[in-house]
Amino acid sequence: MLGQSALVGAANNPSASRVFVYEVTGLRQNETNDKNSYPVRRSGSVFIKVPYNRMNEEMQRITRMGGTIINITPSTEG
């Protein structure tokens, strides 16, 4: 890896372009998500697209907002 460009490494990494869809229930409006530019629905499921490299951070954010992830699927969009 010495002398290798970060862009070259990311281009060769198949996980760099992987995206997953989280199905989340139980989100509630609070001070954390008040900063969002959209309201949170009180019932039903919300679908959130998440790149592979941010999956852990997004899981923590959803938990802080009171949500429960009920399904994770790979995105079919290319």
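**Exercise 1. Confidence of the model**

Determine in which elements of the protein confidence is lowest and highest.

*Solution.* In this predicted model, confidence is lowest in helix α1 (residues 6–12), with a mean of 52. At the other end of the scale stands β3, where confidence is highest, at 94. Next, consider the protein as a whole: the average pLDDT is 76, and 58% of the residues score at least 70. Where pLDDT is low, the predicted coordinates should not be read in detail.

**Exercise 2. The aromatic pair**

Identify the residues of the aromatic pair, classify the geometry of the pair and place both rings in the chain.

*Solution.* Step 1: the structure holds 1 aromatic pair, formed by Phe-20 and Tyr-52.

Step 2: the ring centres are 6.3 Å apart and the planes meet at 40°. This angle is neither under 30 degrees (stacked) nor over 60 (edge-to-face), so the pair is tilted.

Step 3: Phe-20 belongs to strand β1 (residues 19–25), whereas Tyr-52 lies in the loop between β2 (46–51) and α2 (55–64). With their positions 32 residues apart, the pair links distant parts of the chain.

Step 4: Phe-20 has a relative accessibility of 10%, which is under 20%, and therefore counts as buried. Tyr-52, at 39%, falls between the limits of 20% and 50% and therefore counts as partly exposed.

Step 5: Tyr-52 has a further partner, since Arg-18 lies over the face of its ring, at 5.1 Å from the ring centre.

**Exercise 3. The largest nonpolar core**

List the residues of the largest nonpolar core and state which element gives the most to it.

*Solution.* Step 1: the core has 9 residues, namely Phe-20, Tyr-22, Val-24, Leu-27, Ile-48, Val-50, Met-55, Ile-62 and Met-65.

Step 2: β1, β2 and α2 are the elements that give two or more residues to this core. The most come from β1, with 3 residues.

Step 3: Tyr-22, one of the core residues, is in contact with residues beyond four places in sequence, including Ile-48, Val-50, Met-55 and Ile-62. Its contacts also include Glu-58 and Asn-71.

Step 4: as a general point, nonpolar side chains in soluble globular proteins tend to be buried together.

**Exercise 4. The setting of Pro-74**

Decide whether Pro-74 is buried or exposed, and name the residues that it touches beyond four places in sequence.

*Solution.* Step 1: Pro-74 is found in strand β3 (residues 68–74).

Step 2: its relative accessible area is 55%, which is over 50%, so Pro-74 is exposed.

Step 3: beyond four places in sequence, Pro-74 touches Val-19 and Phe-20.

Step 4: Pro-74 and Arg-18 are 56 residues apart in sequence, with a C-alpha to C-alpha distance of 7.6 Å.

Note on methods
Residues numbered from 1 in each chain as written. Predicted model: local features only at pLDDT ≥ 70, side-chain atom pairs only at ≥ 80, totals over all residues. Heavy atoms only, no water. Helix = DSSP H or I, 4+ residues; strand = E, 2+ residues; numbered from the N terminus. Buried < 20%, exposed > 50% of the residue type's maximum accessible area, 1.4 Å probe, protein only. Contact = heavy atoms within 4.5 Å. pLDDT = per-residue confidence, 0-100. Phe/Tyr/Trp six-rings, centres within 6.5 Å; stacked < 30°, edge-to-face > 60°. Lys NZ or Arg CZ within 6 Å of the ring centre and 35° of its normal. Core = buried A, V, L, I, M, F, W, Y, C linked by side-chain atoms within 4.5 Å.
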